[in-house]
Amino acid sequence: MSETLQRICWVFPDRESARQGALWRRVFWDAYQKVAAELGMSFTIHAPDAIAVDGLRAGRPRVYVDAEEVSPDDTAFITALYSLPYHTMDVFNQYAVYAVLEHAGFYLPIPPWLSAIVNDKLATNLFLSGSPIPPIPTVRIGCGRDVQHRLYEPALDGLTFPAIVKPAGWASGWGVCLARSVEDLRGLLSLAQGGDTTLVCQPYLGAGTSDYRLHVVDGRVEAVLVRSPTGDAPCSSRSRGGSMRFAPLPGELAATVDYFTERIPTPYFCVDFLHDGTRFWLSEIETDGAIGINPDGDATVQHDLIAARFGAYRRAHAAWREARNA
């Protein structure tokens, strides 16, 4: 029996196109596997259906990943929820697998309950309502078959325009739109109805609003990535043409780290703040924030941040094992 974490299994719905999968391997998957190997671990990616469980003996489940038995003593599963539009059919299965793994006795660095909260932008705001940096004011609207009856409109009384309208649970800047009037909003809601996509509406903070991403490992900020929009793009994500650079940690944000560390019980997470040119706003939490290629082409920060993240998982797994065996 191994005395330390040897394997990180990433549970990830296998829905990417060949082109997108190749991009993600080049940007971060290959780097994750390389750094894990340097630390004496393996890093593997598996769809939820790669996991099979023998639960025939009460209290003694046996878990298999691609037909190989794995043990809680040396294996951890990353169980962040993915809910991009092509993952809709996977959402329930992801949560079901997470619950099985949790109750089969495995260490999950990202608790399933936390994944649900950070996957919804309003849930995040409510969970972190006491943040020293206030969350962006948000209205949440479910877009089902009755959206044409406008039953959501009482919730819009305090919303000003122009407003940012975006899916409540997507990532990477997908679906972010600018609505200049309530009529623009109604049009976006009618389109979202086609996919039962829940939307959130937030005040538009203005052109040039930048995004500060803090990479937090064991309560310490290891890197700050600043993303800035290009042209009239309504968000700063790279997928929307935004530029990126690493920057020093602003003192105002440094003062918030303890607050988030106390409330986000995972060894690694990212917290995003928007800066409108005058002040910061809390934007979102990503418990599995990707550690991609450095904007300047230097792989040092990426390598060191991945190593810090995986090292934190190993330490947390060791502490979990010790507590379990006490």
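In strand E9, Leu 178 is the bridge partner of Ile 164. Strands, like helices, are DSSP runs numbered from the N terminus (helices are H or I with at least four residues, strands are E with at least two). The model is a predicted one, so to speak of local features a pLDDT of at least 70 is needed, and side-chain atom pairs count only at pLDDT 80 or more, while totals for chains, interfaces and linings use all residues. Residues are numbered from 1 along each chain as its sequence is written, and side-chain values use heavy atoms, with hydrogens and water left out.

Back to the strands. The pair of Ile 164 and Leu 178 belongs to the contact between E8, residues 163-167, and E9, which pair in the antiparallel sense over three bridges. Two strands are said to pair if DSSP finds at least two bridges between them. E8 also has a partner in E10 (residues 199-203), and these two run antiparallel with five bridges joining them. Here Lys 166 has Val 200 of E10 as its bridge partner. E8 is mostly covered, too: five of its five residues are buried. Buried means under 20% relative accessible area, exposed means over 50%, and partly exposed is what lies in between (1.4 Å probe, protein chains only).

Put together, these strands are part of an open sheet of four, in the order E7-E10-E8-E9, with antiparallel pairing. Its edges are E7 (139-141) and E9 (177-179), each of which pairs on one side only. From one strand to the next, the twist averages 30°. For such angles, axes are lines fitted to C-alpha atoms (for helices over the stretch in contact), and the values run from 0 to 180 degrees between N-to-C directions.

There is another open sheet, this one of three strands in the order E2-E1-E6, and its pairing is parallel. E2 (42-46) and E6 (75-78) are the edge strands, each pairing on one side only. The twist in this sheet averages 20° from one strand to the next. E1 (residues 7-11) runs parallel to E6, and four bridges join the two. One position to look up is Arg 7, which stands opposite Thr 75 in E6. In general, strands of a sheet pair through backbone hydrogen bonds, either parallel or antiparallel.

Next come the loops. Between E7 and E8 lies a loop that holds Pro 162, and a cis peptide bond, with omega about 0°, joins Phe 161 to this proline. Asp 66 sits in the loop between E4 (62-65) and E5 (68-70). Its phi is near 50°, a positive value in a residue other than glycine. Asp 66 is also exposed, with a relative accessible area of 52%. Asp 196 has a positive phi of about 50° as well, although it is not a glycine. This residue is in the loop between helix H5 (182-193) and E10, and it is exposed at a relative accessible area of 55%. As background, most residues other than glycine have a negative phi, and most peptide bonds are trans.

Asp 196 turns up again in the second largest pocket. That pocket is lined by 17 residues, and those nearest its centre are Ser 83, Trp 170, Asp 196, Thr 197 and Thr 198. A pocket is found on a 1 Å grid over the protein atoms alone, as an open set of points with protein on both sides within 12 Å along at least five of seven lines; lining residues have an atom within 4 Å of a point. The volume is about 340 Å³, where grid points are joined across faces, edges and corners and the volume is the space filled by probe spheres set on the points. Sorted by class, the lining has seven nonpolar, seven polar and three charged residues. Asp, Glu, Lys and Arg count as charged; Ala, Val, Leu, Ile, Met, Phe, Trp, Tyr, Cys and Pro as nonpolar; and the others, Gly among them, as polar.

Trp 170 has a link to a helix: its backbone oxygen lies 3.1 Å from a polar atom of the Lys 121 side chain. Lys 121 is in helix H4 (residues 121-127) and is buried, at 9% relative accessible area.

Notes
On a 1 Å grid over the protein atoms alone, a cavity is a set of points where a 1.4 Å probe fits but cannot get out, and a pocket is an open set with protein on both sides within 12 Å along at least five of seven lines; lining residues have an atom within 4 Å of a point. A polar contact is a pair of N or O atoms within 3.5 Å; within protein, one must be able to donate a hydrogen and the other to accept it, and residues adjacent in sequence count only if both atoms are side-chain atoms.
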